[in-house]
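Please examine the arrangement of the fold shown below. The explanation that follows moves from the packing of side chains to the sheet and its helices.

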Amino acid sequence: MEITQSTRTAIIGAGPRGTSVLERLLAHVAAHAAAGPVRLHIDVIDPFPAGPGHVWQPEQPRLFLMNTQSFYPTLIPEDPALPAPVAGTTFDQWRVRQQRDPLPFLTGDERAELAVLGSNDFPSRALYGRYLRCTLEDLLDKAPDGVTIDFHETTALSVRPAGDGMFDVGLATGNTLRTNSVVLALGHIPSRLNPEQRELQASAEHLGLRYLPPAVPADVDWSQIPAGEPVLVRGMGLNFFDTMVQLTEGRGGKFVSSGGRLDYEPSGQEPRIIAASRRGTPYRAKAALEGYYPASVTLRYLTEAALDRFRKAGIRPGFDHDLWPLLHRDSIWAYYSTLVRSQPGAVPDAAAFLAALDEALHPHAHAAGNWEDSVESVLAIHVGPRHRLDLPGLAAPLAGRSFASRADLDAAVVEYLLDDARRSALGEDDPVKMAIGALHHGRAVLKTAVADGGITDESWVAGLRGWFESFVEGLASGPPALRSEQLAALARAGVVSFVGPDPKFVVDRRSRMFTASSPWVEGAPAAARTMVEALAPGNRVSANDSPVLEQLLADGLVRPRLMMTAEGAPVQSTGLDVAPHPYRPIAANGSVTEGLYVLGLQLSSTQWGTAIAAEAIQPGGPVYRSGQRTLRDADEIAAAILDL
């Protein structure tokens with residue numbers, strides 16, 4: 001196809017998603033170069049340097065780690081059906097190349113990290129940012145003839161139609177760019193505080209307390225938290241571990257391994273961290289595996305073939321009714337098959353047990369409603385209580401327990417952390433971690449199953465987002481096991497303590513303190529003059545604090561997606577309402593805003609798991625359609641921009 005027209009496009013957001021669109025535009029132009037002359041101008045707009053964008057800046061502290069190993073992420077697609085990239089590799093290929101022949105401008109810290117970084121290790125976010133920046137520079141060096149690119153390190157304030165299918169993009173500098181198309185690759189955008197957070201912030205200002213709202217960890221001035229004083233930290237997900245390490249190792253403390261045990265040597269500059277979350281414990285740690293998914297676990301029930309059967313039967317599946325029962329079966333099989341393999345004495349007649357369990361789990365062996373009863377009957381005959389799987393209990397290890405003091409609670413949390421780290425070290429030989437491994441596999445299939453209206457609205461609201469998302473994240477989205485061991489060491493050293501499940505936070509105006517207490521832990525509430533929200537900013541377009549998104553919503557060019565609950569009530573979901581494919585926003589009047597495209601986090605009402613990076617293909621590992629979905633989305637946008 002001949003591309004002779006002069007095309008100008010603007011990409012708002014220069015992090016990995018925006019850079020993916022840029023990469024795909026260059027790939028398409030190069031692939032069609034023989035069809036005729038090409039004139040394409042790309043404006044890239046972001047106040048942060050392009051490539052890493054906001055989150056992945058190479059200058060941030062190296063203590064902040066990625067949540068995936070080196071072998072996982074990629075900016076460059078590996079799908080042979082897509083136009084070949086003009087440059088770039090996966091992160092792991094880049095890592096190996098830098099170890100062999102490092103670029104001259106790499107810093108000493110980057111060289112030191114690379115020298116010991118393996119394929120299965122967790123890189124720093126700073127090093128991944130260096131990869132993104134290097135990849136962008138490679139792409140620019142090999143940009144095809146006829147393509148020009150301008151980078152604007154400023155904020156986009158507005159996008160407005162300018163007639164004849166054109167847009168005017170207003171910048172904070174006062175300049176306006178006129179373009180044929182605009183890509184919204186906004187990534188993590190600031191979010192307005194919820195009512196409780198606003199009240200805590202206002203009380204802190206009035207009483208002279210210190211309140212740190214949700215933020216990207218690299219943006220926080222951690223030096224403002226005083227040494228030696230208590231600090232309340234709400235949230236024990238991934239941002240918690242960033243907070244923990246910055247206030248301990250980041251202040252000169254050291255973790256020392258001796259006799260198989262990790263201990264912490266304080267520097268004296270640490271605050272006393274008091275950690276709280278709804279579960280009362282942090283996310284479970286990742287298992288030590290050779291790949292992203294456990295090789296010993298293969299899904300038998302929630303498979304691509306099962307999704308095809310739903311489609312061919314004309315069934316739009318419900319999450320709780322259709323999809324979760326299949327994944328639940330997979331978790332049960334993964335647990336008990338691993339138990340039989342790794343602990344031969346746990347089940348006396350292993351062959352008979354697995355045959356009976358297989359029969360009980362089979363979706364067609366009995367009515368769908370009583371399969372769990374059939375499984376329970378098999379377990380009652382073959383497996384003792386000590387070896388039973390309690391899947392809900394894995395996600396809430398303190399549920400049903402009460403504690404006479406916070407010291408008793410701390411001891412219980414340390415026991416949980418060390419047990420979880422021990423299980424992680426066993427990897428494929430731990431039944432619990434393999435049950436979680438099945439959930440991890442299942443997430444990749446679910447991403448395909450639920451995308452683009454693949455499940456009912458009520459299933460999305462009540463099932464997938466209502467309970468399953470937080471459940472599976474607490475089990476399968478945890479940190480490296482080292483972080484659990486470090487937290488246990490900090491608790492033993494008296495640097496960290498815990499509040500307990502279901503904490504309640506208030507401001508005690510008489511004592512001028514933040515306080516936190518759990519109904520399951522006796523004793524006085526924990527109190528501090530400083531409180532940190534160890535949470536990512538909320539990803540809700542209706543609560544955003546982005547000038548350009550606010551303007552687009554106000555002008556009616558975009559709208560949040562409404563979903564209907566089982567009771568027929570409309571609920572505003574987290575992301576934009578869009579028309580696939582490629583994703584274009586639906587305006588307030590129901591029309592499609594042509595020439596405007598959406599990629600990444602703001603698709604959270606159409607896709608599930610939009611925050612995670614594209615997955616590099618691992619030799620011998622499973623290849624799921626959802627693994628490089630975001631790169632295919634970028635490819636579709638690029639093709640539409642070039643009218644291919």
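In this predicted model, Phe 468 touches Phe 319, Trp 324, Leu 327, Leu 446, Gly 463 and Trp 608, leaving aside residues up to four places away in sequence. Phe 468 also belongs to a cluster in which ring pairs link Phe 319, Trp 324, Trp 467, Phe 468, Phe 471 and Trp 608. One pair from this group, Trp 324 and Trp 467, is edge-to-face, with 5.3 Å from centre to centre and 85 degrees between the planes. Because Trp 324 lies in helix H8 and Trp 467 in helix H14, the pair ties together parts that are 143 residues apart in sequence. Trp 324 counts as buried at 13% relative accessibility, whereas Trp 467, at 28%, counts as partly exposed.

The surroundings of these rings lead to the nonpolar interior. In soluble globular proteins, nonpolar side chains tend to be buried together. The largest nonpolar core here has 62 residues, and those with the most contacts inside it are Leu 323, Tyr 336, Phe 353, Leu 357, Phe 468 and Phe 471. Among the elements that give two or more residues to this core are helix H7 (304-312), helix H9 (350-361), helix H10 (371-382) and helix H14 (457-476). Helix H8 gives the most, with 12 residues.

Phe 353 offers a view of this core from helix H9. Its relative accessible area is 0%, so Phe 353 is buried. Beyond its neighbours within four places in sequence, Phe 353 is in contact with Tyr 336, Val 340, Val 347, Val 378, Leu 379, His 382 and Val 383. The last of these, Val 383, is 30 residues from Phe 353 in sequence, and their C-alpha atoms are 8.5 Å apart in space.

The sheet is the next element to consider. Its 5 strands form an open sheet in the order E9-E18-E10-E13-E14, with parallel pairing. Strand E9 (210-212) and E14 are the edge strands, each pairing on one side only. On average, neighbouring strands are turned by 20 degrees against each other, direction ignored. Within the sheet, strand E10 (residues 230-234) and strand E18 (residues 530-533) run parallel and are joined by 4 bridges; Val 231 stands opposite Thr 530 in E18. Helix H5 (residues 195-207) packs on the sheet, where it touches E9, E10 and E18, and its direction makes about 150 degrees with that of E9. Helix H6 (residues 238-246) lies across E10, strand E13 (272-276) and E18, running at about 175 degrees to E13.

A further helix, H12 (residues 406-426), has 21 residues. At 1.5 Å a residue, H12 should span 30 Å, and its end C-alpha atoms are 30 Å apart, which agrees. The buried residues of H12 include Leu 409, Val 413, Tyr 416 and Leu 417, and its buried residues pack against helix H13 (431-450), helix H15 (481-492) and strand E14 (496-498). H12 is followed by Gly 427, which has a positive phi near 60 degrees.

Aromatic pairing completes the account, with 23 such pairs found in a search of the whole structure. The rings of Tyr 211 and Phe 514 form a tilted pair, because their centres are 6.3 Å apart and their planes stand at 40 degrees. Tyr 211 lies in strand E9 and Phe 514 in strand E16 (residues 513-517), so this pair ties together parts that are 303 residues apart in sequence. Tyr 211 counts as buried at 9% relative accessibility, and Phe 514 is buried with a relative accessible area of 0%.

Technical notes:
Residues are numbered from 1 along each chain as its sequence is written. This is a predicted model: local features need pLDDT of at least 70, side-chain atom pairs count only at pLDDT 80 or more; totals for chains, interfaces and linings use all residues. Side-chain values use heavy atoms; hydrogens and water are left out. The expected span of a helix is 1.5 Å times one less than its number of residues. Buried means under 20% relative accessible area, exposed over 50%, partly exposed in between (1.4 Å probe, protein chains only). Contact means heavy atoms within 4.5 Å. A nonpolar core is a set of buried Ala, Val, Leu, Ile, Met, Phe, Trp, Tyr and Cys residues joined through side-chain atoms within 4.5 Å. Two strands pair if DSSP finds at least two bridges between them. Axes are lines fitted to C-alpha atoms, for helices over the stretch in contact, and angles run from 0 to 180 degrees between N-to-C directions. Rings of Phe, Tyr and Trp (its six-membered ring) pair if their centres lie within 6.5 Å; planes under 30 degrees apart count as stacked, over 60 as edge-to-face and the rest as tilted.
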